[in-house]
Structures are given as C-alpha cells and as structure tokens.
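Here is a short set of exercises to work through at your own pace. Keep the viewer open and try each task before reading its solution.

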Amino acid sequence: MKYLIGNFKMNKTFLEVESYIEALSFLIEENKENLNNINIGIAPSFDSVYLSYNNSERNFLFGLQNIFHEINGAYTGEVSLNVAKEANIDFILLGHSERRKLFNETDEEINKKILKLKDTNIKPILCIGESIDDFNNNKTFDVLNKQLDKALENVNEFGNIIISYEPVYCIGNGIIPKVEHVQSVVNFIHEKFSSNIPVLYGGSVCSNSIEDLEKVKGLSGYLVGKASLNAYEFIELAKEIK
Ligand code: PGA
C-alpha cells in the first residue's frame with residue numbers, strides 16, 4: 001500500500017476544506033479502480049479538525065500538521081492529542097522543516113510527541129531532511145542519522161511510523177533532487193530500520209516531477225504541499241503512483 005499525503009500548511013479556511021473534502025471523496029470514489037493501491041490523505045490546518053470527526057466514514061485519511069507533547073494543562077495555543085483521538089485523526093505530521101526552522105522545533109520535542117502517540121492508532125509521519133549546506137558539505141547522512149536517532153529515541157516499536165524524506169532545499173521551489181540521491185536515502189533508512197518502514201518523499205512533488213520520482217525503488221509514496229491544494233490535481237497525481 002502506498003501513500004499520497006497532502007499538507008495544506010496554513011492554506012484554506014474550514015469552509016474551503018469542507019468543499020475540498022466533498023470533491024476529494026467524490027473523485028476517489030469515481031477513480032477507485034485506479035486508486036486501490038493507495039491511501040490518500042490530507043492534513044489541513046487545525047481549525048478543520050471537526051471535519052475529521054464529522055466524516056468518520058470517509059474514503060481518505062485525515063491528519064494534523066502538529067500536536068503538543070502533553071495531553072492537557074496550561075499550554076496556551078497548543079493542541080492536545082485527546083482532540084486528535086476524539087476527532088478520529090489518522091496521522092500527524094511531525095518535525096516538518098517549516099516547524100523546525102520557523103518555530104524552533106527540536107528533535108527532542110519531536111521525540112516527546114512521537115512517544116505520546118505510541119499507544120494510539122494515530123500514525124506519526126516523521127519529516128527529516130538536510131539543508132542545502134549539509135548537502136553541499138556531504139553531510140546528508142550524518143544529519144538524517146542524527147534526526148532519526150534523536151526523534152526515535154526510546155521508541156521500540158516502529159510498526160506505526162512513517163518517515164518522510166524532505167530535503168529542505170527542495171520544498172516549495174520546484175527543485176527536485178536526483179533520483180539516485182533519493183534512492184540512496186531510501187536505502188539508508190531501510191538499512192537502518194527495516195525495509196518495511198514506509199518512506200515517503202516530499203518537496204516539489206507535482207505532475208512534472210512524479211514520473212522521475214516513481215523510478216525510486218522502495219519508496220512508499222509522497223508528502224505533497226502545493227500540488228495537493230486542488231483536489232483534481234491531487235487525484236491526477238495519485239493516478240501516477242504505481
Ligand atoms: P511542496 O511542499 O510540495 O509545496 O514543495 C512539500 C512539503 O512541505 O511537505
């Protein structure tokens with residue numbers, strides 16, 4: 001089974017997400033013969049979480065873009081895992097590079113969040129990726145190794161975890177890494193854990209780039225930003241996944 005996950009970031013109001021969901025459900029149903037090997041998911045911003053609760057019989061996955069590492073308490077502005085559970089959330093993105101860079105999220109915090117998800121059915125999608133400087137200085141694997149070790153410290157059970165490789169310099173700008181580079185990262189993660197751990201790729205995935213990315217062996221799908229914002233475009237992308 002493969003994954004195509006849309007990260008809406010801070011785009012779309014809850015009414016826009018509601019219309020999107022209507023279109024997405026219809027398109028998935030209409031194209032179900034072509035999509036039977038793929039889990040399609042969306043992660044709108046938090047204000048749309050009730051749409052997950054209202055659509056518990058849905059034909060797609062519903063995720064969040066972040067969560068806090070405590071269940072409740074005096075944490076103004078944060079989002080509790082209890083809300084995610086109550087709303088039937090399927091997955092939560094953790095450690096996206098925008099959160100690391102703009103909100104100073106650390107590997108240690110990401111680790112706490114992953115540990116909190118341990119006894120739930122909610123899948124953590126752990127985002128990792130090197131910067132352009134790391135890449136140019138041949139530090140890619142050191143950086144990824146460190147991010148993985150720290151984020152997954154004391155995590156003994158990997159059954160639920162998905163890893164998304166997102167080179168920071170490829171996000172939102174149309175730049176795609178070489179197939180060989182993505183392949184070497186997928187191999188590295190599979191050697192480090194097991195070949196069963198799903199590895200996604202994220203960063204400028206669109207109808208022009210997916211054909212090349214589909215050449216990467218062992219890749220379990222994609223985390224998509226911009227090209228997920230239109231439900232029709234998103235479904236066309238899903239149809240490209242073999
Ligand atoms: P993009 O974003 O597809 O717009 O490059 C990907 C991501 O941030 O996960």
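**Exercise 1.** Which residues of helix H5 (residues 107-116) are buried? Find them, then work out how they sit around the helix.

*Solution.* Please keep in mind throughout that this is a predicted model.
- Step 1: Look for residues with under 20% relative accessible area, the cut-off for buried. In H5 these are Asp107, Ile110, Asn111, Lys113 and Ile114.
- Step 2: Look down the axis. The buried residues lie on the same side of H5, because they cover an arc of only 165° around the axis.
- Step 3: See what they pack against. The partners of these buried residues are strand S4 (91-94), H4, strand S5 (123-128) and helix H7 (140-151).

**Exercise 2.** Describe the largest pocket and its lining.

*Solution.*
- Step 1: Start with the volume, which is about 530 Å³ for the largest pocket.
- Step 2: Go to the centre. Of the 19 lining residues, Met10, Gln65, Asn66, Arg99 and Phe103 are the closest to it.
- Step 3: Ask which element gives the most to the lining. That is helix H4 (residues 97-102), with 3 residues.
- Step 4: Sort the lining by class: 9 residues are nonpolar, 6 polar and 4 charged.

**Exercise 3.** Do the same for the second largest pocket.

*Solution.*
- Step 1: The second largest pocket holds about 370 Å³ of space.
- Step 2: Its lining has 24 residues, and Gly172, Ser204, Gly225, Lys226 and Ala227 lie nearest the centre.
- Step 3: By class, 9 of the lining residues are nonpolar, 11 polar and 4 charged.

**Exercise 4.** Is serine 45 buried or exposed? Place it in the fold and list its contacts.

*Solution.*
- Step 1: Locate serine 45 in the loop between strand S2 (38-43) and helix H2 (49-54).
- Step 2: Serine 45 counts as buried because its relative accessible area is 13%, and the cut-off is under 20%.
- Step 3: Leaving aside neighbours within four places in sequence, serine 45 is in contact with Lys9, Asn11, Lys12 and Gln65.
- Step 4: Compare sequence and space. Methionine 10 is 35 residues from serine 45 in sequence, yet their C-alpha atoms are 5.9 Å apart.

**Exercise 5.** Which residues touch the most other members of the largest nonpolar core?

*Solution.*
- Step 1: Among the 64 residues of this core, the answer is Ile92 and Tyr222.
- Step 2: Follow tyrosine 222. Beyond its neighbours within four places in sequence, its contacts include Tyr3, Leu4, Ile5, Leu200 and Ile241.
- Step 3: Look for a second, separate core. This one has 11 residues, including Ala43, Leu61, Phe91 and Leu93.

How values were computed: Residues numbered from 1 in each chain as written. Predicted model: local features only at pLDDT ≥ 70, side-chain atom pairs only at ≥ 80, totals over all residues. Heavy atoms only, no water. 1 Å grid on protein atoms, 1.4 Å probe; cavity = no way out; pocket = protein on both sides within 12 Å on 5 of 7 lines; lining within 4 Å. Points joined across faces, edges and corners; volume = space filled by probe spheres on them. Helix = DSSP H or I, 4+ residues; strand = E, 2+ residues; numbered from the N terminus. Nonpolar A, V, L, I, M, F, W, Y, C, P; charged D, E, K, R; others polar. Buried < 20%, exposed > 50% of the residue type's maximum accessible area, 1.4 Å probe, protein only. Arc of directions from axis to C-beta. Contact = heavy atoms within 4.5 Å. Core = buried A, V, L, I, M, F, W, Y, C linked by side-chain atoms within 4.5 Å.
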